[in-house]
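Please open the model in your viewer and keep the sequence panel at hand. The stops below are arranged so that each selection leads to the next.

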Amino acid sequence: MRLIPFALLILCGAVQAAPEVVSLDQAGVLYEQHCQSCHGVNRLGGAGPALLPESLSRIKPNEARAVIHNGRPASQMAAFGDRLSSAQIDGLVSYLYQPAATAPTWSDDDIRASHRILADVAALPSTPQHGADPLNLFVVVEAGNHHVRVLDGDRFEELANFPSHFALHGGPKFSPDGRFVYFASRDGWISVYDLHNLTMIAEVRAGLNTRNLAVSNDGRWVLVGNYLPGNLVLLDARDLSLVKHIPAVAADGTQSRVSAVYTAPPRDSFVVALKDVKEAWELSYAGEPDFQPRRIEAADFLDDFSFTPDYRYLLATSRKALGGQVIDLDTGKAVTDIPLPGMPHLGSGIYWKRGGDWVFATPNVSKGLISVLDLQSWKLIKEIPTEGPGFFMRSHLNSPYAWTDVFFGPNNDAVHLIDKQTLKVAHTLRPMPGKNAAHVEFTNDGRYALLSVWDTDGALIVYDAKTLEEVKRIPMNKPSGKYNVGNKIEFAEGTSH
C-alpha cells in the first residue's frame, strides 16, 4: 500500500522538476510587453534596432540571450534578468531568430518618413574648425558600445565621440573632399556627419537590412545596397533625401539581394554585385544620369569583389570556381576563373607593385593562407601560410609590409607582416596575447599603423610602421575598424575601397 503514494510522490516531483517551456506564441506576447515600445511593431526597429533574423545575423543566440539578461552598457537597452525567467529569455531569443509572420516591407513613403535633417550645412563653416589635418583624421567605429570616435592622426587624440546606430556595417565612406563621412548600419540607417564641424547633418532609414553604401566620385550621390528589401536606394549626398529606389531584379525577373556596391572613380560609375543572380551591374553617374543599370553577365553568383588598379577588371568571388572570377568591365565579359583555396575575402584584398608588376593578395576566411595573384596573367603565384584564417589585409605605398590578421581560430591574437617583395612573413606581432587583433589602417603618410584589438577591454594600438615599436595604446570597446580620410578619398594603394 505504501508503494502507491511513494510512486505518486516521485511522479509529482518529476512534474515539478520539468523545465518551463515558452512557446513562440507566448514569446510573441513577451515581445509586445517588453520589447515592442523600443524595437517596433513587427520587429522593424524604432528607438532600438530591428530584431529580424537578417539584422541579427552577426550576433549569436547566446550573445542575444546575454544582452536580454544583462542589458547593454552605455545604451538604452535595459537588463531583463530580474523580470524574465531563463525559459522566457530563451523563448524570446528563439522568437527573434524566427522569420516575421508577415514579410517586412519598406517603401519610398517609409524612407521619406524616416528622413531627418539635424543641422543646416549652409549655416556651418566650410573649413575645418578643429585645427587638425583634415586628411589625417581617423574615423573609428567602436562596435562594443555602438559609438564612433574621431581621432587626430598626428597626435592620436580624440576630437569627437558620438553614438551610432546599431551595428555599423560595410565601413564608412567619404565625400571626395573628405569633409563628410557616411555611415550605414546593419538595420538600414544611413547617416552623414560633417568632419569639419564635428556635427551630424542628417539621417534616413534606406532599408531594413543593409549591406553597404558607396559615394559617387563627384560627391553628388549615395547609393545604398540592401539585402531587405532587395534593392538599391539612391540618395542625394547633400542631405540624404530620397532620389529613387532601383529593384534588384535580374533580366529574367528573378529578385535578388545586393551583395556589395562600390564606386569606380575613373569610370564615373557605381558597380554592384547581386547575391542571388549571376549578374553584376554598372550604373553611370556621369553628367545627368538616369541610373539605369548596365547588366553584365557573370559566370557565377557574386558575394563581394575588388577592382584592379585601373578599375577595368573585377576580381569577384565564385563558389563554382572554388575561388574567384575575373570580369572585364569594358567588354562586359567574364575573362577567367581563379582557383583559390578556402573562401577568399576579396573585398578586403589589396594590390601593390612587386618587381614592377602589380600583384593582388587576399586572405581566406576558411584556410590559414594568403593567396597572391599576378594581375597580368591571373595566375596564382604564391600561397603564404599563416597561423589561421584571416579577414583583413592592409598596406601603404610607403610600407614594405602587408599587414594581415589571423581573425578566426585559436591564434587570433596574431598579426603577420608580409614582406611585399619576398612574399614571406617577416614579423608576427601579438599586441594583446589572447585577444583578437585585426584591421590595420595607416596614417596618410604611412608613418604609423593603427591596429584594433577586438575585445570589450580592447584597444586601438599605434605602431611606428618602420620600427614596429608601440607608440600609443588607446583603450576601447571592440574598435572594429578605423578609416583614414586621406587614404580613403585618394583610394590609396594598400587600402580597401
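Two residues are in contact when heavy atoms of theirs lie within 4.5 Å. The model on display is a predicted one.

**The whole chain**

Begin with the entire protein chain, which holds seven helices and 33 strands. Its radius of gyration is 24 Å, close to the 23 Å that the globule rule gives for 497 residues, so the chain is as compact as a globular protein of that length. Along the principal axes, the C-alpha trace spans about 95 × 50 × 50 Å. Of the 497 residues, 55% count as buried. Contacts between residues at least 6 apart in sequence include 47% that join residues at least 24 apart.

**Helix 2**

Select residues 24-34, which form helix 2. Which residues of helix 2 are buried? They are Ala-27, Gly-28, Leu-30 and Tyr-31. Viewed down the axis of helix 2, these buried residues fall within an arc of 160 degrees, so they line one face of the helix. A general point of geometry is useful here: an α-helix has 3.6 residues a turn, so residues three or four places apart point the same way. Now colour Asp-25, Glu-32 and Gln-33, the exposed residues on the face of helix 2 that is turned away from the buried side. The buried residues of helix 2 pack against helix 3 (36-39) and helix 5.

**Where helix 2 meets helix 5**

Add residues 86-96, which form helix 5. The axes of helix 2 and helix 5 come within 8 Å and cross at roughly 95 degrees. The two helices are therefore roughly perpendicular to each other. Show the side chains at this contact: helix 2 contributes Leu-24, Ala-27, Gly-28, Leu-30 and Tyr-31, while helix 5 contributes Gln-88, Gly-91, Leu-92, Ser-94, Tyr-95 and Leu-96. By class, the contact has seven nonpolar, four polar and no charged residues.

**Helix 4**

Keep helix 5 visible and select residues 61-70, which form helix 4. Its buried residues are Ala-64, Val-67 and Ile-68. They cover an arc of only 95 degrees around the axis, which puts them on the same side of helix 4. What do these buried residues pack against? The partner is helix 5. On the other side of helix 4, Asn-62 and Asn-70 are exposed. Just after helix 4, select Gly-71, where phi is positive at about 80 degrees.

**A cis peptide bond**

Move to the peptide bond from Leu-228 to Pro-229, which is cis with omega near -15 degrees. Pro-229 lies in the loop between strand 10 (221-228) and strand 11 (231-236). For context, most peptide bonds are trans, and most residues other than glycine have a negative phi.

**Leu-373**

Next, select Leu-373, found in strand 23 (residues 369-374). Is Leu-373 buried or exposed? Its relative accessibility is 1%, so Leu-373 counts as buried. Display its surroundings: beyond the residues up to four places away in sequence, Leu-373 touches Ile-338, Leu-340, Trp-358, Val-359, Phe-360, Lys-379, Leu-380 and Ile-381. For a distance check, pick the C-alpha atoms of Leu-373 and Thr-362, which are 8.6 Å apart in space, with the two residues 11 apart in sequence.

**Pro-400**

Proceed to Pro-400, in the loop between strand 25 (393-394) and strand 26 (401-405). Pro-400 counts as partly exposed, because its relative accessibility is 43%. Leaving aside neighbours within four places in sequence, Pro-400 is in contact with Ile-418, Asp-419 and Lys-420. The C-alpha atoms of Pro-400 and Lys-420 are separated by 5.9 Å, although these residues are 20 apart along the chain.

**Two residues with positive phi**

Finish with two residues other than glycine. Select His-439 in strand 29 (residues 437-442). Phi of His-439 is positive, near 60 degrees. With a relative accessibility of 2%, His-439 counts as buried.

Then select Lys-478, in the loop between strand 32 (470-476) and strand 33 (479-484). Phi of Lys-478 is also positive, near 50 degrees. Lys-478 is partly exposed, with a relative accessible area of 34%.

Technical notes: Residues are numbered from 1 along each chain as its sequence is written. This is a predicted model: local features need pLDDT of at least 70, side-chain atom pairs count only at pLDDT 80 or more; totals for chains, interfaces and linings use all residues. Side-chain values use heavy atoms; hydrogens and water are left out. Axes are lines fitted to C-alpha atoms, for helices over the stretch in contact, and angles run from 0 to 180 degrees between N-to-C directions. Helices (H or I, at least four residues) and strands (E, at least two) are DSSP runs, numbered from the N terminus. Angles under 35 degrees count as roughly parallel, over 145 as roughly antiparallel, 65 to 115 as roughly perpendicular and the rest as oblique. Ala, Val, Leu, Ile, Met, Phe, Trp, Tyr, Cys and Pro count as nonpolar, Asp, Glu, Lys and Arg as charged, and the others, Gly among them, as polar. Buried means under 20% relative accessible area, exposed over 50%, partly exposed in between (1.4 Å probe, protein chains only). The arc is that of the directions from the helix axis to the C-beta atoms. The radius of gyration is taken over C-alpha atoms; the globule rule is 2.2 Å times the number of residues to the power 0.38.
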